[in-house]
Structures are given as C-alpha cells and as structure tokens.
Amino acid sequence: MLCSGSYQRFSDEVNKRIMDFRRQTNRGAFGLDRYSESITFAYFGTCSANIYRQWVADGKKLSVEELTDIAIKLICNGMSEFVKN
C-alpha cells in the first residue's frame, strides 16, 4: 500500500504520523532548535519512505541487507558516501 500511487495520500499520512510520534518521543535528541529538528525529521521520513518505494519499484533486486546498508549510508551521510570529491 505504501508504494501504490493510488494510496499516496494514505502513505503520506502514515509517514506523517510516524514522524509526529518521533518528534514527540525524540524531541531534543539532536540538540537542535525546534525548526532545525523539524527539518531533520522531515528529511529522515521522506528519504526512508522513498528509498523503500524505489526498492519495491525496482522489484526488490537488492537483498534487505544491501538495501539497509545503502539506506543507512544515504540517510546518515548523504550523497558524500557515494560521490567522492
């Protein structure tokens, strides 16, 4: 359901609720001001959902372990993990 275009609004709502919960539960975890923290949570929520959707759209050709490794690198280090200099 999270990958079907017709369920996009549902998927967005699920992601929003998860991120709202994380914002409440993990408030202050990054030591950022409220607005910087909000951007950080938005980035994480959007990126993680899109990575999963793309993996499904590609037919799950990578193993879960490979997907997880790439996702962690991207979410934690951005493109600098893959693009050198």
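How many helices and how many strands does the secondary structure of the protein come to? It comes to three helices and zero strands.

## Model and conventions

This is a predicted model: local features need pLDDT of at least 70, side-chain atom pairs count only at pLDDT 80 or more, and totals for chains, interfaces and linings use all residues. Residues are numbered from 1 along each chain as its sequence is written, and side-chain values use heavy atoms, with hydrogens and water left out.

## Overall layout

Along the sequence, the pattern reads α-α-α. Helices (H or I, at least four residues) and strands (E, at least two) are DSSP runs, numbered from the N terminus. Helix α1 covers residues 8–25. Helix α2 covers residues 34–57. Helix α3 covers residues 64–77.

The C-alpha atoms fill a box of roughly 40 × 40 × 20 Å, taken along the principal axes. The protein has 85 residues, and 15% of them are buried. Buried means under 20% relative accessible area, exposed means over 50%, and partly exposed lies in between (1.4 Å probe, protein chains only).

## Helix packing

Take α1 and α2 to begin with. Their axes come within 10 Å and cross at roughly 140°. That makes α1 oblique to α2. The crossing of α1 past α2 is right-handed. Axes here are lines fitted to C-alpha atoms, for helices over the stretch in contact, and angles run from 0 to 180 degrees between N-to-C directions. Angles under 35 degrees count as roughly parallel, over 145 as roughly antiparallel, 65 to 115 as roughly perpendicular, and the rest as oblique.

Now α2 and α3. The axes of α2 and α3 come within 11 Å and cross at roughly 150°. These two helices are therefore roughly antiparallel to each other. α2 also passes α3 in a right-handed crossing. A crossing is right-handed if the near helix is turned clockwise from the far one by less than a right angle, and left-handed if anticlockwise.

## Salt bridges

The count comes to two salt bridges. The rule asks for a side-chain nitrogen of Lys or Arg within 4 Å of a carboxyl oxygen of Asp or Glu.

One pairs glutamate 13 with arginine 17, with the closest N and O atoms 2.8 Å apart. Both residues sit in helix α1, four residues apart, about one turn of the helix. Glutamate 13 is partly exposed at 34% relative accessible area. Arginine 17 counts as exposed, at 57%.

The other joins the side chains of aspartate 69 and lysine 73, at 3.2 Å from N to O. These partners lie in helix α3, and being four residues apart they are separated by about one helical turn. Aspartate 69 counts as partly exposed, at 37% relative accessibility. Lysine 73 is partly exposed too, with a relative accessible area of 26%.

## Nonpolar surface patch

Leu62, Ile70, Met79, Phe82 and Val83 make a nonpolar surface patch of about 440 Å². Patches are made of residues with over 30% relative accessible area and no salt bridge; like charges are joined within 9 Å, and nonpolar side chains (Val, Leu, Ile, Met, Phe, Trp, Tyr) within 5 Å. Areas come from the Shrake-Rupley method with a 1.4 Å probe; for residues, only the protein chains shown count as cover.

Isoleucine 70 lies in helix α3. Isoleucine 70 is partly exposed, with a relative accessible area of 31%.

## Loops and a buried methionine

Which residue has a positive phi although it is not glycine? Lysine 60 does, with phi near 55°. Lysine 60 is placed in the loop between α2 and α3. At 47% relative accessibility, lysine 60 counts as partly exposed.

The loop between α1 and α2 holds alanine 29 and phenylalanine 30. Alanine 29 is exposed at 55% relative accessibility, and phenylalanine 30 is partly exposed at 44%. The C-alpha atoms of alanine 29 and alanine 42 are separated by 15 Å, with their positions 13 residues apart along the chain. For phenylalanine 30 and threonine 40, 10 residues apart along the chain, the C-alpha separation is 8.8 Å.

Methionine 19 belongs to helix α1. Is methionine 19 buried or exposed? At 5% relative accessibility, methionine 19 counts as buried. Its C-alpha atom is 19 Å from that of threonine 68, 49 residues apart along the chain.
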